[in-house]
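Visitor: I am new to this structure and would like a close look at a single part of it. Could you take one helix and show me what surrounds it?

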Amino acid sequence: MNPLFTARTSVEQVEEGLFLAPKFDGNGLIPVVTTDVNTGEVLMHAYMNEEALVKTIETGEAHYYSRSRQQLWHKGQSSGLVQKVAQLTIDDDQDCLWMQVIVAGSGASCHVGYRSCFYRRIPTGKNAIDSQQPLQLTFTETEKTFDPKAVYGDTPNPTQL
């Protein structure tokens, strides 16, 4: 175990203690929700492994673990859209992180080119399900902040089917 973390010895220690005792899942990952520090807008959801969490703490810049690429990922390394950590918090049972960031460049965080990875709304309510048809999403962002092809070139798209 990394010396920055303490062992999880009791519920009280995990929930009320003063020391970081993150709980990584069976794959060694912990989820992180990343938001814009100024607007509160949700930019993305990703995962960190122990190495990514330590690097994020050490550098003050977001590092994640890419499940599709199976490797550490320094957000913005190839695009220039580095996420500078303004605040990093952990939930009550220390199994989920919330990171508030300032994003360099255009402020985008989505590899598709939109500002946020959450750029489509799902309809809800009694009128949402009209028939047995697939739900139609509504775009909440109408313009991309950058051209992914220009930024990433021939780098393989991390989205997997």
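**A helix and its surroundings**

Guide: Just after helix H2, Gly60 takes a positive phi of about 75°, and the helix that ends before this glycine is a good place to begin. This is a predicted model, in which local features need pLDDT of at least 70 and side-chain atom pairs count only at pLDDT 80 or more, while totals for chains, interfaces and linings use all residues. Residues are numbered from 1 along each chain as its sequence is written, and side-chain values use heavy atoms, with hydrogens and water left out.

Helix H2 covers residues 50-59; helices here are DSSP runs of H or I with at least four residues, strands are runs of E with at least two, and both are numbered from the N terminus. Within H2, Ala52, Leu53, Val54 and Thr56 are buried, where buried means under 20% relative accessible area, exposed over 50% and partly exposed in between, for a 1.4 Å probe and protein chains only. These buried residues pack against strands S2 (42-48), S3 (63-66), S4 (71-74), S5 (83-90) and S6 (97-103), contact being defined as heavy atoms within 4.5 Å. The helix lies across S2, S5 and S6 and runs at about 115° to S5, with axes fitted to C-alpha atoms, for helices over the stretch in contact, and angles taken from 0 to 180 degrees between N-to-C directions.

The strands that H2 crosses belong to an open sheet of 4 strands, which has the order S2-S1-S6-S5 and mixed pairing; two strands pair if DSSP finds at least two bridges between them. S2 and S5 are the edge strands, each pairing on one side only, and neighbouring strands of this sheet are turned by 25° against each other on average, direction ignored. Strand S1 (residues 30-36) pairs with S2 in the antiparallel sense over 6 bridges, and Val42 in S2 is the bridge partner of Thr35.

Helix and sheet also meet in the largest nonpolar core, to which S1, S2, H2 and S6 each give two or more residues. This core has 21 residues, and those with the most contacts inside it are Val32, Met48, Tyr64, Leu97 and Met99; a nonpolar core is a set of buried Ala, Val, Leu, Ile, Met, Phe, Trp, Tyr and Cys residues joined through side-chain atoms within 4.5 Å. In soluble globular proteins, nonpolar side chains tend to be buried together.
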